[in-house]
2 protein chains.
Amino acid sequence: MPKQTFFNLPEEKRQTIINLAIDEFADNDYQNASISRIVARAGIAKGSFYQYFADKKELYLYLIELALQEKAQFLQYTPPPDPQMGTFAYLRWLFEAGLRFSFSQPKLTRLTYRAFFDDLPFSNETIAQAQAGSSQFFTQLIQQGMEQGDLRADLDVDSAVFLFDLVFMELGNHIMQRLNVDPAELAEKGAQVFEETAAAEIYNRFMDIFEFGMGAK
Amino acid sequence: MPKQTFFNLPEEKRQTIINLAIDEFADNDYQNASISRIVARAGIAKGSFYQYFADKKELYLYLIELALQEKAQFLQYTPPPDPQMGTFAYLRWLFEAGLRFSFSQPKLTRLTYRAFFDDLPFSNETIAQAQAGSSQFFTQLIQQGMEQGDLRADLDVDSAVFLFDLVFMELGNHIMQRLNVDPAELAEKGAQVFEETAAAEIYNRFMDIFEFGMGAK
DNA sequence: CAGTCATGTGACTGATCGGTCATATTTTTT
DNA sequence: AAAAAATATGACCGATCAGTCACATGACTG
C-alpha cells in the first residue's frame, strides 16, 4: 500500500501520477518500466515519489490491485441476463464482458496481461492468487457444466481450463489486431469501438470452436 | 551473422560461448540478458566478445536462427508416417513432434518462445517471418482440411490459426508444469522424459478438444 | 629474426537505473 | 509569531549495462 502522504495528495495530482504509472507499466515490463521516467513526466521530484511509495514494487503491486479491482467491478456491473442459461451461453457472456473490458480499459488490460506473463524479479501473493483464482473459477465452471450435461463427460478438465485461461487473456489482443484497432482511437472512443466493429462476430465464431470443435460432423 | 573471427575459434570454445548465451537468453528476456554475465561465465574478455559479434542484437538473432534451424531439422527428421492421413491425425503428429522437441531442447524452446512473446527494442525480419510463417502454415493446413472435408466448412480460419499458433507455443510449458517436470532432470535425461510421463495422454486429450469441441453430443 | 596481421584484454566511457538524504519549503499547530 | 510537523527537492550514490579502445600477446610470413 502507498503511504498516507500519497492519499493526502490533491485528487488531480494523484490521478496524474497513477495514470502516468499505468502508461509506463503497460508499455514496459516490470524491469524496464522506469520510475525516473514517471516522475519526469509527472513533473515531480524523485524524492517526492519515494514519499508516496516505499519502492518500485509497491507502486507496481498497487497498480495491479487497482486493475484487478476495476475489472472485477466491470464484470460485476455486467450481470448475466439469465442465471439458468447453459454453460456455453454463460461462457459467451463471460468472454464478451472480458472483451468489452479490454476495449474500454486497454491500458489496464495490458497491465494485467503483463502481470500474468512477464518475468518478475520477485514472487507475489496477489498475482499468484489472481492466476490461481482464474483457474479455479474456470475449473468450477467446467465441472458444473459437465454435471449439467452441457459439456462432454470425458472432457479433460485441466486442458480446458488451460485453454480458457490462455484465451481469456489473449483474445482481446488478437481481436484488436485483427480489426486493426488504432490504440489512439480506442483511448478516445473507448468501449464504443466494440459496437462499431465485428468484435462480437469474431469472438462468437471463436467460441463455436470451443463448443463444437473444428472437425466436420 | 557473427564475424569470421568467431568461426575461426576452436570448436569447443565456440560451443561454450553459444551454450552460455543460450542459457542467458533463455533465462532472461532480451533487455535483461547480460553480455557482461555471458563473458564472465565464459571466462573471456568483454573485448573478445566484440571481436566475435558486432553487438548484442547480432548474438541474439544468431541464437534465434540457430534455434529455428534446430527445430526445423528436428521436425524434418520426424517424418509423418502416412502422407494420406487426415487433417487431425496430421495435427496430432505435428503437436507431438513439437512437444518432443520441447522436451529434448527446453532451452531452445524457451528462446523461441521469448522471441515470439517478449518485447524487443528493435523489429526484425527473421522473427517476423518466423511468426508469419507459422500462421501461414496453419492457414494452409486448415484450408486444405476444409477442402478435404475434415474440418467444418463454416470454421473461422483466422480464429483457428490463432488458437494453433498460441497453443503450439504454449503447450510444452503447460504440460511440463502439469507433469512437474524438473528442469534439471530434463536437461539430463532429455527427450526420454517424454516417454516416461503422461505427456502423450495429455496432448491427445487436448487435441480432442480441438477436434470434437467441449460440448456434449 | 623482423615484420605483419589476427586475436585477446580489461580499464574505461557514458548512460540509466532504483533509491537516499540533507536541506528547503509549505502547512499546521501552539 | 514561533515552533513543529509534513512535504518537496534534486544532487548524489553505487550498481549495472552495452560498447570502445589503446595496448598486449600470439601466430604466421618473408
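Which residue has a polar backbone atom 3.3 Å from a phosphate oxygen of DNA strand D? In this predicted model, that residue is Ser36(B). Two other residues of chain B also approach the phosphates of DNA strand D. A backbone N or O atom of Ala33(B) is 3.0 Å from a phosphate oxygen, and a side-chain N or O atom of Tyr50(B) lies 3.1 Å from a phosphate oxygen.

The surface near DNA strand D draws on both protein chains. Two or more residues each come from helix 1 (4-8) and helix 4 (46-52) of chain A, and from helix 3 (35-42) and helix 4 (46-52) of chain B. Helix 4 of chain A contributes the most, with five residues. In total, 20 residues lie around DNA strand D, and those that come nearest are Gly47(A), Ser48(A), Gln51(A), Tyr52(A) and Lys56(B). Of the atoms of DNA strand D that come within 4 Å of the protein, 53% belong to sugar and phosphate. By residue class, this surface has six nonpolar, eight polar and six charged members.

DNA strand C can be read in the same order. It is surrounded by 20 residues, the closest being Lys56(A), Asn8(B), Gly47(B), Gln51(B) and Tyr52(B). Sugar and phosphate make up 57% of the atoms of DNA strand C that come within 4 Å of the protein. Tyr52(B) places a side-chain N or O atom 2.9 Å from a phosphate oxygen of this strand. Thr5(B) has a side-chain N or O atom 3.2 Å from a phosphate oxygen of DNA strand C, while Ser36(A) uses a backbone N or O atom, at 3.3 Å.

At least two residues of the surface near DNA strand C come from each of helix 3 (35-42) and helix 4 of chain A and helix 1 (4-8) and helix 4 of chain B. Here helix 4 of chain B gives the most, again with five residues. The surface near DNA strand C divides into six nonpolar, eight polar and six charged residues.

Away from the DNA, the largest nonpolar core holds 78 residues. Phe95, Leu163 and Met214, from chain A and from chain B, have the most contacts inside it. Met214(B) touches a series of chain A residues, among them Phe88(A), Leu155(A), Leu163(A) and Phe210(A), and also Ile209(B).

Helix 6 of chain B (residues 87-104) has 18 residues, so at 1.5 Å a residue it should span 26 Å, and its end C-alpha atoms are indeed 26 Å apart. Helix 6 of chain B is mostly covered, with 14 of its 18 residues buried.

Conventions. Residues numbered from 1 in each chain as written. Chains lettered and ligands numbered in written order. Predicted model: local features only at pLDDT ≥ 70, side-chain atom pairs only at ≥ 80, totals over all residues. Heavy atoms only, no water. Near = heavy atom within 4 Å. Polar contact = N/O pair within 3.5 Å; in protein donor to acceptor, adjacent residues only side chain to side chain. Helix = DSSP H or I, 4+ residues; strand = E, 2+ residues; numbered from the N terminus. Nonpolar A, V, L, I, M, F, W, Y, C, P; charged D, E, K, R; others polar. Core = buried A, V, L, I, M, F, W, Y, C linked by side-chain atoms within 4.5 Å. Buried < 20%, exposed > 50% of the residue type's maximum accessible area, 1.4 Å probe, protein only. Contact = heavy atoms within 4.5 Å. Expected span 1.5 Å × (residues − 1). Lists of a residue's contacts leave out its neighbours within four places in sequence.
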